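Hi,

Here is the structure I said I'd pass on. Have a look at it first, and my notes on what turned up follow underneath.

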Amino acid sequence: MKKLSASATVTIQAIATKKKRNGECVYNFAAGDPVLENHHSIINRAIQCTERKFCPYPPVEGLPELRRLVAEWMNISYLTQYTEENVLVTCGGKFALFASIYALLQPNEEVLIPAPYWVSYPDIVKMAGGTPKIVPTYSENGWKITAQDLLQYSTKKSKFLIFNNACNPTGVLYTKQEISDILAIAKKLGLIVISDEVYSGLVYEEPGFISCGSFPEHRERVLIIQSCSKNFGMTGWRVGFVLGPENVIKKLAILQSQTTTGVSVISQWGAVGALENAEEVNFYVKDSMRKRRDLFISTYHSLFPIPIEKIKSALYAFVPLASMGIPHMTDSVAFSEQLIASDNIALVPGSAFGVDGYVRFAFSEPEEAIHLALHVLKQAISRLVGGKS
């Protein structure tokens, strides 16, 4: 535990929540939590579950109905070839990721993690007794890892590649050819690919999302992490999935039987409601988030000197401090701490994602909140520039 650090997003969100409880107005760009009413399909299914007046332990692997629907959703949406036996229902995508690494990684083996990375990847690897091996990517190359990067950074100890597409925090999307090249090199190097695809349903630009699960020649070396949280706006329901070879799913189910015992039955039935109407529910969430993205970008461009690139997916903008007109400041932690203390503006420092000099904005709040928060940020930065803080 001494090796672990608290999740930066959770830490900032906790500060913001405490300020709200104290009656303060908080401008929250920290949490990627879509502020959106749950779709009626989700609520109706959950209510039907509670009306039975009996809520037993769930099957450890997940409700058969839900596992079947997950496989069908992936097959139809992303051209995969999964069955119910290839699916494990987990307590959110984070536990899906943790269970996969914890169950399969041997002590001191390496996990390749492209940076910028989601804040929890390195610590999850540490908890499993492994070694995070950070693979840098660069804005001038579109923040993308390449097959050549894997050849350069992989060693005899390397066991996994964590591949995040669509990406948090950058919104990067990989093409079919790029993914094919990465999977081919990963196979050559003997790497298991854990593909974090929890934002697959929040893709705003063509040609759209390509799943690592859609390459049958690599099926036995790929685990897909999926979730209802962002795709269907169900963050608090805590329903995620691992999809992979049946023998691996059985191993992960054993781990789950000794830890969480599975996922709340009520939450699982809510997820059934989402997946029974997957296209409609996802469109409802994605359309709302697209409008918020468009407003965020247009408002940002009207207020700050350097434009940011169009955000292709997910809920975030990964923004260099220099683009806001403060080139003298490169310490993203100091910048974020100052803003939450002085102006109640919650941002996540880029250093938490492995790249300093940047901050991550989440555009998950309602449109009017986004518009107001950006104007407050502009005023705060004007003071910073004036005082050269």
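**Leu66 and the core**

Not counting neighbours within four places in sequence, Leu66 is in contact with Val89, Val239, Phe241, Gln268, Ala271, Val272 and Leu275. Before going further, please keep in mind that this is a predicted model. The largest nonpolar core holds 140 residues, and Leu66 is among those that touch the most other members, along with Phe241, Phe296, Met324, Phe335, Phe361 and Leu374. So if you'd like a place to start clicking around, Leu66 and its partner Phe241 are both on that list.

**Two helices against α9**

Next up is the helix packing. In general, a packed pair is described by the angle between the two axes and the distance between them.

Start with α3, which covers residues 64-78, and α9, which covers 265-276. Their axes are 9 Å apart and the packing angle is about 35 degrees. The crossing of α3 with α9 is left-handed. On the α3 side the residues involved are Glu65, Leu66, Leu69, Val70 and Trp73, and they meet Gln268, Trp269, Ala271, Val272, Leu275 and Glu276 of α9. Sorted by class, that contact has eight nonpolar residues, one polar and two charged.

Helix α2 (residues 40-50) packs on α9 too, with the axes 7 Å apart and an angle of about 140 degrees. Angles over 145 degrees would count as roughly antiparallel, so α2 and α9 are oblique to each other. The α2 and α9 crossing is right-handed. From α2 you'll find Ser41, Ile42, Arg45, Ala46, Cys49 and Thr50, which meet Val265, Ile266, Trp269, Gly270, Val272, Gly273, Ala274 and Glu276 in α9. By class, the α2 contact with α9 comes to eight nonpolar, four polar and two charged residues.

Trp269 of α9 is worth picking out on screen: it is listed in the contact with α3 and also in the contact with α2.

**Backbone oddities**

As a rule, most peptide bonds are trans, and most residues other than glycine have a negative phi. Here are some exceptions to look at.

- Ala115 and Pro116 are joined by a cis peptide bond, with omega about 5 degrees. Pro116 sits in the loop between β3 (110-115) and α5 (121-127).
- Another cis bond runs from Asn165 to Ala166, where omega is near -5 degrees. You'll find Ala166 in the loop between β5 (158-164) and α7 (176-189).
- Lys53 has a positive phi, near 60 degrees, and belongs to the loop between α2 and α3.
- Trp143 also has a positive phi near 60 degrees, and its place is the loop between β4 (131-136) and α6 (147-153).

Are those last two loop residues buried or exposed? Lys53 has a relative accessible area of 78%, so it is exposed, the cut-off being over 50%. Trp143 is at 15% relative accessibility, so it counts as buried, the cut-off there being under 20%.

**Asn282**

One more residue to look up. Asn282 lies in helix α10, residues 278-303, and counts as buried at 14% relative accessibility. Which residues does Asn282 touch, not counting those up to four places away in sequence? They are Gly201, Asn231 and Phe232. Asn231 is 51 residues from Asn282 along the chain, yet their C-alpha atoms are separated by 5.8 Å.

Cheers

How values were computed: Residues are numbered from 1 along each chain as its sequence is written. This is a predicted model: local features need pLDDT of at least 70, side-chain atom pairs count only at pLDDT 80 or more; totals for chains, interfaces and linings use all residues. Side-chain values use heavy atoms; hydrogens and water are left out. A nonpolar core is a set of buried Ala, Val, Leu, Ile, Met, Phe, Trp, Tyr and Cys residues joined through side-chain atoms within 4.5 Å. Buried means under 20% relative accessible area, exposed over 50%, partly exposed in between (1.4 Å probe, protein chains only). Contact means heavy atoms within 4.5 Å. Axes are lines fitted to C-alpha atoms, for helices over the stretch in contact, and angles run from 0 to 180 degrees between N-to-C directions. Helices (H or I, at least four residues) and strands (E, at least two) are DSSP runs, numbered from the N terminus. A crossing is left-handed if the near helix is turned anticlockwise from the far one by less than a right angle, and right-handed if clockwise. Ala, Val, Leu, Ile, Met, Phe, Trp, Tyr, Cys and Pro count as nonpolar, Asp, Glu, Lys and Arg as charged, and the others, Gly among them, as polar. Angles under 35 degrees count as roughly parallel, over 145 as roughly antiparallel, 65 to 115 as roughly perpendicular and the rest as oblique.
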